[in-house]
Protein chains: 4
Amino acid sequence: VTTTEFPFVIRDRVRFRDLDSSDHVNNSVYATFVEQARVAILGKGTGFILGRLELDFRDQTRHDEEIEVHTRCSRMGEKSFDLEHRVLASGRLVAEGRSVVVGFDRSTGRSRRIPEPVRRMLGVATANPEPA
Amino acid sequence: VTTTEFPFVIRDRVRFRDLDSSDHVNNSVYATFVEQARVAILGKGTGFILGRLELDFRDQTRHDEEIEVHTRCSRMGEKSFDLEHRVLASGRLVAEGRSVVVGFDRSTGRSRRIPEPVRRMLGVATANPEPA
Amino acid sequence: VTTTEFPFVIRDRVRFRDLDSSDHVNNSVYATFVEQARVAILGKGTGFILGRLELDFRDQTRHDEEIEVHTRCSRMGEKSFDLEHRVLASGRLVAEGRSVVVGFDRSTGRSRRIPEPVRRMLGVATANPEPA
Amino acid sequence: VTTTEFPFVIRDRVRFRDLDSSDHVNNSVYATFVEQARVAILGKGTGFILGRLELDFRDQTRHDEEIEVHTRCSRMGEKSFDLEHRVLASGRLVAEGRSVVVGFDRSTGRSRRIPEPVRRMLGVATANPEPA
């Protein structure tokens with residue numbers, strides 16, 4: 001997988017508190033790693049909510065490992081889009097994920113169209129249909 | 001949905017620390033709620049690993065709300081099974097989830113067959129095929 | 001120690017995620033237990049900040065144990081007060097703590113006098129001097 | 001404060017999940033930052049337990065800020081020692097802390113003498129008396 005295919009990359013490092021009693025990174029922390037990617041791309045509190053999260057666990061992650069989350073937009077719809085994530089620890093694949101992000105207007109409490117600047121920034125020119 | 005259909009129920013309560021800057025429960029905490037269900041059913045550290053986690057977020061959850069996670073086994077395979085979860089806050093549905101649990105032998109580092117007592121406990125008499 | 005001496009009691013339960021790789025509750029989670037007490041007494045976001053936290057760890061806490069935090073106001077000053085906490089797990093003392101809570105006006109970013117209703121609620125009739 | 005005075009320095013970065021509903025880093029996360037320092041210095045699970053933790057909160061910390069924890073050994077006793085911590089965010093002091101670390105033999109469940117190599121590594125030649 002090349003950088004071009006997953007253009008957004010964030011880095012983090014495993015903390016001792018990320019481990020659970022198995023001595024490996026707890027599954028919920030992968031949701032946090034993937035959230036770091038979303039927040040880096042979309043900002044914090046800017047009109048989106050997370051509709052769905054999928055995580056496939058590929059390998060255990062240990063204390064103090066260097067984390068990278070590689071992300072790309074794999075679907076753009078009218079009011080939602082998908083981010084596909086690859087979580088690497090010390091360079092090996094430890095999880096794959098998918099975030100379904102929904103445009104949301106907090107003032108009305110309703111979903112809203114994904115704005116053009118966000119579409120351009122995500123590099124998806126043509127809107128694909130919503131998922132079944 | 002009746003209790004019979006989701007026979008395993010655990011209860012929890014939202015802590016202040018479960019909130020994020022949106023003032024609602026952070027998405028990663030739903031992974032923790034669902035983990036509470038898995039650990040209550042399967043025990044802690046007893047030959048299973050989490051292969052995949054899916055979460056569909058249906059509503060926001062607020063501070064101090066009472067949480068229930070209702071769980072059933074929705075698929076039993078040779079070496080893995082699915083748990084289907086419904087997360088309720090103050091009685092309303094806030095998330096649905098699915099855990100793919102894989103039998104795992106830590107001494108060999110390999111997957112293993114789901115033992116009969118676990119199959120009986122999960123109330124799944126007939127083994128269904130693995131997912132595609 | 002009688003209930004009268006520590007009039008505020010909250011209950012919680014250890015989650016699997018509260019454990020670290022020692023298989024016991026991580027030290028930072030005691031800060032969360034004590035925060036649950038503060039938020040139950042003072043509310044959430046109502047003009048106070050935490051100035052100092054002290055925790056003395058007396059015993060290890062394990063998965064699924066029932067937690068109680070017993071709290072009393074042990075000092076009332078002009079612009080700050082102390083809460084003294086006793087954290088029990090399955091009835092035994094596992095930690096003692098002290099929170100120094102400071103009155104804070106978010107609109108001005110300055111400390112402020114502890115209001116009379118809070119003083120009465122905390123059951124401290126006479127204001128003691130600030131700590132040295 | 002010079003590097004010589006606080007010889008141990010670790011770096012971290014604020015995650016979105018570290019924030020609470022005040023939009024600032026939650027107090028329990030400072031315990032995690034300080035734990036990162038202890039684990040970097042002492043290793044993970046190597047014969048020490050945390051006896052006491054003190055945190056003085058000096059300023060709010062925001063999302064994505066660079067964290068440094070500067071640590072020195074400020075007291076060495078027979079069976080315990082103190083680590084003094086300064087937590088910086090984007091270079092400004094946000095918290096000061098103290099960890100009382102106790103030598104602990106997990107096989108016997110008892111305290112034990114701090115080994116010479118640890119004393120040397122902490123740069124404290126002369127053993128001071130235990131705290132009152």
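**Notebook: the interface of chain C and chain D**

I looked up the polar contacts first and found twelve residue pairs between chain C and chain D, both residues at pLDDT 80 or more. A polar contact is a pair of N or O atoms within 3.5 Å; within protein, one must be able to donate a hydrogen and the other to accept it, and residues adjacent in sequence count only if both atoms are side-chain atoms.

I note that this is a predicted model, in which local features need pLDDT of at least 70 and side-chain atom pairs count only at pLDDT 80 or more, while totals for chains, interfaces and linings use all residues. Residues are numbered from 1 along each chain as its sequence is written, chains are lettered from A and ligands numbered from 1 in the order in which they are written, and side-chain values use heavy atoms, without hydrogens and water.

I then looked up the salt bridges (a side-chain nitrogen of Lys or Arg within 4 Å of a carboxyl oxygen of Asp or Glu). The rule finds four across this interface; one joins Arg52(D) to Glu54(C) at 3.2 Å, N to O.

Next I looked up the strands (DSSP runs of E, at least two residues). Strand 2 of chain C runs antiparallel to strand 2 (residues 48-57) of chain D, and five bridges join them. In this pairing (at least two DSSP bridges), Glu54(C) stands opposite Glu54(D).

Last, I looked up the buried area, the accessible area (1.4 Å probe) that two parts lose on being put together, summed over both. Chain C and chain D bury about 1,600 Å², 37% of it on carbon and sulfur atoms. Within chain C, Asn27(C), Arg52(C) and Phe57(C) lose the most area to chain D, together 28% of what that side buries.

Conventions:
Helices (H or I, at least four residues) and strands (E, at least two) are DSSP runs, numbered from the N terminus.
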